[in-house]
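Colleague: Could you take me through one part of this model in some detail? I would like to follow the strands of chain B, and then see how that fits with the rest.

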Amino acid sequence: MSSAAAHAEHDHAHDHAHHAHHDEGFIKKYLWSTDHKMIAMQYLFTGMAMALIGGFTVYAFRMQLAFPGMSVPGYGRVTATDYNALVTTHGSVMIFWVAMPVLIAALGNYLIPLMIGCDDMVFPRLNRLSYQLFLLSSIVLIASFYVPGGAFGGAWTSYPPLSAKAEYSLTGLGSSLWLFAVALEFAAFLLGGINFITTVMNSRAPGMKMFDVPIVVWMIIIASILFMASVGPLIAGAVMLLFDQQLGTGFFDPAKGGDPVLWQHLFWFFGHPEVYVVLLPAMGIVAEIITVFSRKKLFAYKTVLYTAIGTGVLSFFVWAHHQFIAGIDPRMANVFSVTTLLISIPVAEMVFVYIGTLYGGSIRLTTPMLWALAFIAEFLLGGVTGIFLGASGADIYFHDTYFVIAHFHYTFFPIAFIGSFAAITYWFPKMFGKMMNETWGKVHFWGTIIPFNAIFIPLFLLGARGDHRRIYDYRHFPDLMKSGMQDLRVFATLALLVLLAFQVVFLVNLFYSIFRGEKASANPWNANTLEWQAPSPPPHGNFPQGLPNVYRGPYEYSHPDRQDDYWPQTEPDAAKS
Amino acid sequence: MIDQYVESASTFSGDIDNVIWIILLITGFWFILAEVVFFGLIFKFLAKPGVKAKYVSGEKPHEKRWVTLPHYATLAFDVAIIVLAIKVWHDVKINLPEADSTVRVISQQWAWTFVHPGPDNKLDTPDDISTVDELHVEKDKTYHFELTSRDVLHSFSVPVFRLKQDAIPGRIIKGWFKATQTGQYDIQCTEICGIGHGIMPARIIIETPAQHRIWNQSNAPKVADVTPTTPPTQLGGMP
């Protein structure tokens, strides 16, 4: 990137403030906008709409598991083909079309310019293209449900030869559309990632040094770098797989000299860093919220930063722990078992730091704080259960059982949902200029957290009892119908129904508060970071009173020299003023 | 712990259960400790009127200690878990003991074919016994299995043995087991293999030596009936 180009884009962005009051047409304003906040909202609401699809699919297949053969209300009978397609769609949608757009794209776009004190991204039109590609990828994915043969049902990991040949998968077109949608989605996030990194490097407010950048911004940047470094091999693999599907090449076909395990390496070389791509932004959100609502400086800012970088680097060396029993050289498992357990250290350290931050605080249990604390409490269980799977000897038994499902939902649900709810409830006043209803926020919180645990603790038990994954009817397995096992499946499904029902509370609260909520001040939480110095909601160009100067780090809460328990980054030191 | 729910029926299943049990104790202890500290801090430091929060940077050595000490403890326990896990892994997956008998396990969409060596205890002879979805083995006898697939990936899983291995078309993957008790148990396919993945169950039947001899004799093809067998099909390009 030439810096001249960046400046030209930036100058263009400076004009925003001048024509902000012009009435723009609907298309220009909503579909063709280059404003980072509008693009963030587009990503956020598209991600939420896709979450409805992800939620509906899990409803349909969990009903089939609890009550095999029943006609599921709103869906009908779930056949074996349907079951595989539902499971595949649930996994791919929740990771690629919910966690990624909400945590990285929506929050990155919304927060980065506001938190580093500039008026827009350095490449606003690239940003617009990124969203448009993402929207197109969503449409392609949805279209794949309606082609002959139906949606792809080979799991979100899409292992060949099953995914490579229509005669095996029976969904020739569905498989290719799925793959194409995923590739488009990656292209969208590559564009977004370039934009995030360049913006933070070039457009920070005067005075904002690297260690004055809020942790959530750092986390999104590290995540973007991880994504960009890991996605290349998978895109190469996806092209090869597409050729195998449509042109009959044999990259992954042993009969033609290919190797199906190669795909697994390419997929997981991306797939495992991907876990941290979504984890780190969620960790960043939690850092912002627990400091504000415990009125504490973040415990060991630099340690958090270094552990995040360490986690990111290590995450490139753990991928084959997904493949211990996949037919790789068994000696390789030793290496990957070691690296996998080592990654527990930086991640655990990050959690310790957050717990340490609470010490000596003045903790206010607002809705966003409840979500942030729940993230830590629940993620801990996801973390420790990962040890069972990273330890090669124990993984022989647990691999591809419901124990794995429960484990990664204890990481992914906190990331994708608890983290997103924390972010939405925390930044809601800034985004919409209104306060969200606290009472209904707390109802939704408890209505989500309690059933979440009630779904996945039974799944740990089922996994320990040998329930293997992606089976649409356990009645074919006498050992898996023994005492109480079906009861656990029914219990988990009922808990899921409760969890889904409580999401209605969230949606109603969200839209009611957007239109009827109490008006929010610029800085309702008395927070330090720059976005709270802009009006709520920030106008086009973000800082109408002029771009801010930065005088200190983001977490100077309860400083002993001050009356106030917060100290905005933009407030000049008394001595200098 | 696992054996309360799923019987332990191979020589290494107990070892795997022990590793799981030890990991549960270690991680369980740390998990509970972390949660207790976490909730303890939340309740201890709930906002009280007039009380200002402490200003702690966490950068000074005596403060950082609270993070670095648990960090070293994590490392120490990680090392212990790795040593245990790798030892079991070697016993199950790397060091194959001398075999008393060998069976061939062939997976396809959506059935298992098991080739037993028959009364002469040799594969690729006319008295081999092929069965579908039913594997007959003898208790206390060390078996090697040769696992392969005819189409897509499958995975050969015998939960009571704590044994699992993916099958790959074009390759023959070897492994071993030795049953320690008789009985009939599930064999699962644990890798998604298409629309019939959920209806690919099989059973393993573990017999006493006497029962197994009878089964062998009553099921072995009569040599006279059998046309000369073709050599075993080479699957794919790998030796």
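To start us off, how many residues lie between β1(B) and β2(B) in the hairpin they form?

Modeller: Happy to, and please keep in mind that this is a predicted model. There are 2 residues between β1(B) and β2(B) in that hairpin. Strand β1 of chain B covers residues 101-108, and its pairing with β2(B) is antiparallel, over 5 bridges. One place to look is B:Q108, whose bridge partner in β2(B) is B:A111.

Now follow β2(B), residues 111-116, and watch its side chains. They alternate: B:W112, B:F114 and B:H116 point to one face and are buried. B:A111, B:T113 and B:V115 point to the other face and are not buried. This fits a broader pattern: in a regular strand the side chains alternate between the two faces of the sheet. So B:A111, the bridge partner of B:Q108, belongs to the set that is not buried.

β2(B) also pairs with β3 of chain B, residues 129-132: the two run antiparallel and are joined by 4 bridges. Here B:T113 has B:V132 in β3(B) as its bridge partner. B:T113, too, is one of the β2(B) residues whose side chains point to the face that is not buried.

Chain B also has an open sheet of 5 strands, in the order β4-β10-β9-β6-β7, with mixed pairing. Its edges are β4 (134-138) and β7 (163-167) of chain B; each has a single partner strand, so one side of each is left without a neighbour in the sheet. From one strand to the next, the twist averages 25°. Within this sheet, β9 (residues 183-189) and β10 (residues 202-207) of chain B pair in the antiparallel sense over 5 bridges. B:I187 has B:A202 of β10(B) as its bridge partner. Helix α3 of chain B, residues 209-219, lies across β4 and β10 of chain B and runs at about 130° to β4(B).

Next, the partner chain. Chain A has 18 helices and 2 strands. Its radius of gyration is 24 Å, close to the 25 Å that the globule rule gives for 577 residues, so chain A is as compact as a globular protein of that length. The C-alpha trace of chain A spans about 75 × 50 × 50 Å along its principal axes. Of its 577 residues, 61% count as buried.

For a helix pair in chain A, try α16 (residues 402-432) and α17 (residues 438-464), whose axes come within 8 Å and cross at roughly 170°. That makes α16(A) roughly antiparallel to α17(A). Among the residues that meet there are A:Y410 and A:F413 from α16(A), and A:F452 and A:F456 from α17(A). By class, this contact has 13 nonpolar, 4 polar and no charged residues.

Finally, the two chains touch through 84 residues from chain A and 79 residues from chain B. On the chain A side, the elements that give two or more residues include α5 (80-116), α10 (260-294) and α14 (367-390). The most come from α13(A), with 9 residues. By class, the chain A side divides into 48 nonpolar, 24 polar and 12 charged residues.

Methods. Residues numbered from 1 in each chain as written. Chains lettered and ligands numbered in written order. Predicted model: local features only at pLDDT ≥ 70, side-chain atom pairs only at ≥ 80, totals over all residues. Axes fitted to C-alpha atoms, helices over the stretch in contact; angles between N-to-C directions. Parallel < 35°, antiparallel > 145°, perpendicular 65-115°, else oblique. Contact = placed C-beta atoms within 7 Å. Nonpolar A, V, L, I, M, F, W, Y, C, P; charged D, E, K, R; others polar. Pairing = 2+ DSSP bridges. Buried ≥ 20, exposed ≤ 12 C-beta atoms within 10 Å, placed from the backbone. Rg over C-alpha atoms; globule rule 2.2 N^0.38 Å.
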